[in-house]
2 protein chains.
Amino acid sequence: MCVMLQILADRGPSPAFPPASSSIPKPTRTTSLAGPLLPPRTMIFREGLAGSPQYRVVDGCVATAQTLSDGRRQIIDLIGPGRLIGLGLGEHIRYSAETLGFTRLEAVTMSQSDRELALGEMLERSQGLVMLLGRKTAPERVAFALLDLARHFGRPARDKRRRAITYHLYPTRGDLADWLGLTVETVSRCFTRLKKAGLIDLERGDLVTVLDPQQLSGLAAGDRPLSY
Amino acid sequence: MCVMLQILADRGPSPAFPPASSSIPKPTRTTSLAGPLLPPRTMIFREGLAGSPQYRVVDGCVATAQTLSDGRRQIIDLIGPGRLIGLGLGEHIRYSAETLGFTRLEAVTMSQSDRELALGEMLERSQGLVMLLGRKTAPERVAFALLDLARHFGRPARDKRRRAITYHLYPTRGDLADWLGLTVETVSRCFTRLKKAGLIDLERGDLVTVLDPQQLSGLAAGDRPLSY
DNA sequence: CGTGATATTGACACAAGTCAAAGCCAGTGG
DNA sequence: CCACTGGCTTTGACTTGTGTCAATATCACG
């Protein structure tokens with residue numbers, strides 16, 4: 001039995017995604033709880049909606065974000081397969097969530113201790129982002145993002161027994177800018193510099209290969225300055 | 001019976017503060033759990049220490065912070081009376097905590113659901129800081145900080161039935177800079193501008209009066225631009 | 001083969017950082 | 001009581017990283 005997820009596949013501002021029913025059916029297959037394939041830019045829920053539906057990302061990518069009254073947007077987290085969305089204060093949701101690519105979710109119910117663990121993980125990631133936004137330079141931020149995405153979306157498929165990791169980049173330059181507290185142009189310039197420095201490779205704009213994870217993480221941590 | 005808190009009142013890098021014993025004695029007085037008065041700049045715990053002792057701030061102010069290898073510091077939160085410190089992943093503490101003024105703590109043990117609630121609150125504050133650091137200008141950040149501190153440290157003592165709020169500023173300009181992702185100089189300049197604009201008043205450097213909370217919160221939210 | 005979104009690149013502007021010099025104040029000791 | 005010290009703050013002059021604006025390139029899609 002499938003949890004019915006009403007898909008509202010419009011782009012941009014759209015009606016809210018109804019929370020899954022709280023009655024979780026027994027799995028009859030491994031994917032029995034999984035919803036349908038959501039298209040890119042589907043709004044899953046919005047800021048201010050009461051209640052907190054909980055989903056696990058099965059495949060694809062979801063961005064959680066807060067938006068200021070004047071349109072400034074800050075992405076709180078990019079969430080890949082296996083991770084959860086919908087946690088937070090029970091009262092009101094403080095952020096919206098939308099898909100960045102074709103994405104499959106499954107509804108989950110969690111024990112209290114699982115929720116506590118998940119909250120702790122979210123807190124840890126949020127505090128990491130605070131450090132990044134408060135004290136890191138643009139190249140450090142972009143390097144960090146590329147490595148974080150590699151961990152979540154990279155297949156262990158190493159290029160030629162080098163430690164290279166290749167993955168599909170779900171977020172656009174604009175999404176990355178809104179995550180890293182930068183502008184589209186700055187993100188693009190950092191990409192170009194990282195490419196010229198031989199740390200990464202980019203194909204067709206959305207296929208990333210991290211060529212030198214070692215050096216890239218040195219950059220992300222602020223140990224090395226990225227020459228040029 | 002008092003929970004013994006070993007005070008290490010040195011300034012700067014110092015040994016860790018030992019977690020309170022987990023056996024909580026019955027209160028014999030209202031302040032029976034409260035520890036001694038900790039002097040300013042006492043390190044309560046450091047990053048990387050295992051276990052997570054939990055305290056409530058009774059009086060004073062505590063800053064939680066992460067530090068990069070090259071010394072860049074990011075304050076995660078400033079915590080006033082009634083709020084908790086020590087929550088997070090059980091495994092390791094990802095941040096350090098130190099007092100900013102004379103501070104009294106009390107050891108607490110919490111039910112699981114209290115912990116979940118407290119984690120949710122920390123998460124919410126952390127995400128608010130993410131928005132501030134990623135997308136707000138320096139004057140907006142400072143305005144936000146002054147209002148947040150007013151909520152936590154301001155006495156309801158209103159000036160002359162105007163909505164003015166006065167409070168002692170625990171953090172130095174440097175602490176504020178490390179919280180807001182700015183420099184000491186920028187924080188100081190914003191203070192000067194806010195003073196000239198008649199939104200706040202400063203006496204002796206550490207006594208703040210918010211003269212126009214209304215307009216200040218408009219500034220903090222990015223609705224108004226702060227002329228001059 | 002247009003058309004529209006996204007990405008890159010360049011020229012320039014500006015907010016915030018850096019460096020440096022006073023200023024202010026609390027604490028100390030003569 | 002006063003000079004001295006050291007930390008914090010303020011202010012000014014200048015630099016710089018990142019943002020803004022604008023032109024072009026690239027790519028997906030009909």
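**Figure 1. A salt bridge within chain A.** The side chains of A:Glu121 and A:Arg83 form a salt bridge, 3.3 Å from N to O (a side-chain nitrogen of Lys or Arg within 4 Å of a carboxyl oxygen of Asp or Glu). A:Glu121 belongs to helix α1 of chain A and A:Arg83 to the loop between β5 and β6 (84-85) of chain A, so the pair ties together parts that are 38 residues apart in sequence. Helices (H or I, at least four residues) and strands (E, at least two) are DSSP runs, numbered from the N terminus. Over all chains, the count by this rule is 34 salt bridges. The model is predicted, so that local features need pLDDT of at least 70 and side-chain atom pairs count only at pLDDT 80 or more, while totals for chains, interfaces and linings use all residues; side-chain values use heavy atoms, with hydrogens and water left out. Residues are numbered from 1 along each chain as its sequence is written, chains are lettered from A and ligands numbered from 1 in the order in which they are written.

**Figure 2. Relation of chain A to chain B.** A turn of 180° with a shift of 0.0 Å along the axis lays chain A on chain B with an RMSD of 0.0 Å (least squares on the C-alpha atoms of residues with pLDDT of at least 70 in both copies). This is the relation of a two-fold axis. Both copies use the same surface, as 100% of the contact residues of chain A recur in chain B (contact: heavy atoms within 4.5 Å).

**Figure 3. The interface of chain A and chain B.** In this interface 40 residues of chain A are in contact with 40 residues of chain B. The two chains bury about 3,600 Å² between them, with 56% of it on carbon and sulfur atoms; buried area is the accessible area (1.4 Å probe) that two parts lose on being put together, summed over both. The rule finds 8 salt bridges across the interface. One salt bridge joins A:Arg72 to B:Glu140, with the closest N and O atoms 3.0 Å apart. Between the chains, 19 residue pairs are in polar contact, both residues at pLDDT 80 or more (a pair of N or O atoms within 3.5 Å; within protein, one must be able to donate a hydrogen and the other to accept it, and residues adjacent in sequence count only if both atoms are side-chain atoms). On the side of chain A that touches chain B, β4 (62-67), β5 (73-79), α1 (112-135) and α3 (173-180) of chain A are the elements that give two or more residues. The largest share, 18 residues, comes from α1(A). By class, this side has 14 nonpolar, 13 polar and 13 charged residues (Ala, Val, Leu, Ile, Met, Phe, Trp, Tyr, Cys and Pro count as nonpolar, Asp, Glu, Lys and Arg as charged, and the others, Gly among them, as polar).

**Figure 4. Protein surface near DNA strand C.** Among the 17 residues around DNA strand C, those that come nearest are A:Arg173, A:Thr192, B:Ala138, B:Thr186 and B:Arg189 (near: a heavy atom of the residue within 4 Å of the strand). Sugar or phosphate holds 67% of the atoms of DNA strand C within 4 Å of the protein, and bases hold the rest. A polar side-chain atom of A:Arg173 is 2.7 Å from a phosphate oxygen, and a polar backbone atom of B:Ala138 is 2.9 Å from a phosphate oxygen. At a base, an N or O atom in the side chain of A:Arg189 is 3.1 Å from a nitrogen of DNA strand C. At least two residues of this surface come from each of α3 and α4 of chain A and α2 (138-153) and α4 of chain B. With 4 residues, α4(A) gives the most.

**Figure 5. Protein surface near DNA strand D.** Here too 17 residues surround the strand, and A:Thr186, A:Arg189, B:Arg173, B:Ser188 and B:Thr192 come nearest. Sugar and phosphate make up 69% of the atoms of DNA strand D that come within 4 Å of the protein. Phosphate oxygens of DNA strand D lie 2.7 Å from a polar side-chain atom of B:Thr192, 3.0 Å from a polar backbone atom of A:Ala138 and 3.3 Å from a polar side-chain atom of A:Arg204. The surface near DNA strand D has 3 nonpolar, 8 polar and 6 charged residues, and α4(B) gives the most, with 4 residues.
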